[in-house]
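Open the model in your viewer and keep the selection box ready. This tour goes from stop to stop, saying what to select and what is there.

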Amino acid sequence: MNPATATPPAQPRTRADYQLLGGAGARAAEAKLVNAEWYKCPVPRPLMKGLMQRDDAHAIRDTVLWYALIVGTGAVFVYGWTAGWSAAALFAVYFVYATLYSSPADSRWHESSHGTAFKTRWMNDVLYQCASFQVLRRPTRWRWSHARHHTDTLVTGRDPEIAVPVPVDVVSTLLNLFALLNGPKELLAVLRNAAGSIAADEKSFVPEMEWPRMVREARLWMLVYVALIGSALVLQSWLPVLLVGLLPGMLGAWLFNYTGFTQHAGLPENVLDHRLNCRTVYMNPVLRFLYWNMNYHVEHHMFPMVPYHQLPQLHATIKADCPPPYASSIAAYREILPAMWRQITDPNHYVQRPLPTHASAPTSAQSA
Amino acid sequence: MSEWITACAFDDIDDEDVLRFDHAGHTYAIYRYDDKVYASDGLCTHEKVHLCDGLVMEHVIECPKHNGRFDIRDGRALGAPVCVNLTTYPAKVDGGNVLIQIG
């Protein structure tokens, strides 16, 4: 049976279902959806070994280019600020700067968390720490939440990274296009971690041996923010806090939300087949550079060991066994927006992705 | 009482690769790197995923699910998301076969 057309959810969905403690996680476990076996498209082992190979060259090139763009637009903004440009001109440059500062940091955070950006481990670790700070995600907490996201992708009450829970909350979703809720909430969590407190739900997916690291990282972030505020006071200038930290992180979040919503929004929860709960969307080369090929999201979830620069080739390898990709992000949003609109009032609605008729049968899946 | 058992033929494993071997209700991973062989438990200590679908890079096996890494020589967990070491077993090549010592 196609999981997307399988038994409808056994109980009405509420936002409380998404809580990691006391939510629908126990029902998911009973339904054998937790840490389950997921469908994988068949790929010959020699080919997969080739696709999994790492190198440093791609990510060094892309990282140097990315930071050059950040520094370049930042320099233009500082010049305009000191030269007395108009507010409109300054905002335009700052908007580009913040977008470059924040949105590609999402995909860099992601790829380096998997350790697939670079072949050299320390390079992944350095990029991970920098990108985490830029995209306002506590490094250790989000490393572990992302591991859970891959174990239990869109399993209600288990996956801490469901971007659009149902029923859809329009106000929160719109506010978070610019991280207006999530940004300050994350900084408050940094304060809490810096004081030595780890939330109960975080303890459910971060192993205890990692808690001291969360505290250390939070304290380091605090030092950076104190230094930023201190330098702003000493220099009598807003520039330090405009260029680094919360403000560019929030203003620039819109683009990673735009690309990120295409990953799973509107698709079914509680299925064990990434072809049904992920989208692969064709995007132009600029977006693919900024997003590090995460538009090949079915491929990434099915084979997370394949580096971003090999995903187009992996896509070509398995696409006959997958639903048709979307021609563009616009095409994807033609499906996503109506689905989200309907999910405001109908939390049991989702988009059914068509599997090829000759596609391999998915593994069993149930609703929880 | 430990014993040496035959896991596979040496030629069954490509260099820099890993093979699954099931025996007596237990699953093992057999590695070949630089024409030496190694053996460990077959499931990742993080989420019990089979390591045989992972990637061998020099002396490291990377789990296919969450990219957790272990040193195949001694089973050391090399960082998040793996925290618990992997149990390893002595392995050798004898008469064209890979033998591992279990028990």
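## First stop: a strand pair in chain B

Select B:Lys92 and B:Leu99: B:Leu99, in E10(B), is the bridge partner of B:Lys92. Bear in mind that this is a predicted model.

Now widen the selection to E9(B) and strand E10 (residues 97–102) of chain B. Four bridges join these two strands, and they run antiparallel. Add strand E1 (3–9), and the sheet is on screen. Its three strands stand in the order E1-E10-E9 (chain B), in an open sheet with antiparallel pairing. E1 and E9 (91–94) of chain B are the edge strands, each pairing on one side only. From one strand to the next, the twist averages 35 degrees.

## Second stop: the four-strand sheet

Stay in chain B. Select E2, E3, E4 and E8: these four strands form an open sheet in the order E2-E3-E4-E8 (chain B), with antiparallel pairing. Which strands are at the edges? They are strand E2 (17–23) and strand E8 (88–89) of chain B, and each pairs on one side only.

Zoom in on strand E4 (residues 36–41) of chain B. Two bridges join E4 to E8(B), and the two strands run antiparallel. Pick B:Ala39 to see one partnership: its bridge partner in E8(B) is B:Tyr89.

## Third stop: the cores

Keep B:Ala39 selected. This residue is among those with the most contacts inside the largest nonpolar core, which has 56 residues. Others in that group are B:Val18, B:Ala29, B:Ile30, B:Tyr31, B:Ala91 and B:Ile100. Strand E3 (residues 26–33) of chain B gives this core its largest share, five residues.

Click B:Ala29 and show what surrounds it. Leaving out residues up to four places away in sequence, B:Ala29 touches B:Val18, B:Arg20, B:Ala39, B:Ser40, B:Gly42, B:Leu51, B:Cys52 and B:Ile61.

A second, separate core has 25 residues. To find it, select A:Trp66, A:Phe77, A:Val135 and A:Leu251, which are included in it.

## Fourth stop: two helices that cross

Move to chain A. Select helix H4 (residues 87–114) and helix H13 (residues 253–264) of chain A: their axes come within 7 Å and cross at roughly 35 degrees. The crossing of H4(A) and H13(A) is right-handed.

Show side chains at the crossing. From H4(A) come A:Thr99, A:Ser102, A:Ser103 and A:Asp106; from H13(A) come A:Ala253, A:Leu255, A:Phe256 and A:Gly260. By class, this contact has three nonpolar, four polar and one charged residues.

Next, select A:Gly80, in helix H3 (residues 57–83) of chain A. Is A:Gly80 buried or partly exposed? It is partly exposed, because 16 other C-beta atoms lie within 10 Å, and a residue needs 20 or more to be buried. Not counting residues up to four places away in sequence, A:Gly80 touches A:Trp85, A:Ala89, A:Leu90 and A:Val93. Try a distance label on A:Gly80 and A:Val93: these two are 13 residues apart in sequence and 8.6 Å apart in space, C-alpha to C-alpha.

## Fifth stop: where the chains meet

Show both chains. The contact takes 16 residues from chain A and eleven residues from chain B. On the side of chain A that touches chain B, helix H2 (45–52) and helix H6 (139–151) of chain A are the elements that give two or more residues. H6(A) gives the largest share of that side, five residues. The residues of that side divide into seven nonpolar, six polar and three charged.

## Last stop: backbone details

Four loop positions finish the tour.

- Select A:Val166 and A:Pro167. The peptide bond between them is cis, with omega near -5 degrees. A:Pro167 lies in the loop between H6 and helix H7 (170–175) of chain A.
- Select B:Ala80 and B:Pro81. This peptide bond is also cis, with omega near 10 degrees. B:Pro81 is in the loop between strand E7 (69–71) and E8 of chain B.
- Select A:Asn270. It is not a glycine, yet its phi is positive, about 65 degrees. A:Asn270 is found in the loop between H13 and helix H14 (274–277) of chain A. It is buried, with 28 other C-beta atoms within 10 Å.
- Select B:Asn67. Its phi is near 65 degrees, a positive value in a residue other than glycine. B:Asn67 sits in the loop between strand E6 (60–62) and E7 of chain B. It is buried, with 23 other C-beta atoms within 10 Å.

Note on methods. Residues numbered from 1 in each chain as written. Chains lettered and ligands numbered in written order. Predicted model: local features only at pLDDT ≥ 70, side-chain atom pairs only at ≥ 80, totals over all residues. Core = buried A, V, L, I, M, F, W, Y, C linked by C-beta atoms within 7 Å. Buried ≥ 20, exposed ≤ 12 C-beta atoms within 10 Å, placed from the backbone. Contact = placed C-beta atoms within 7 Å. Axes fitted to C-alpha atoms, helices over the stretch in contact; angles between N-to-C directions. Left-handed = near helix turned anticlockwise from the far one by under 90°. Nonpolar A, V, L, I, M, F, W, Y, C, P; charged D, E, K, R; others polar. Pairing = 2+ DSSP bridges.
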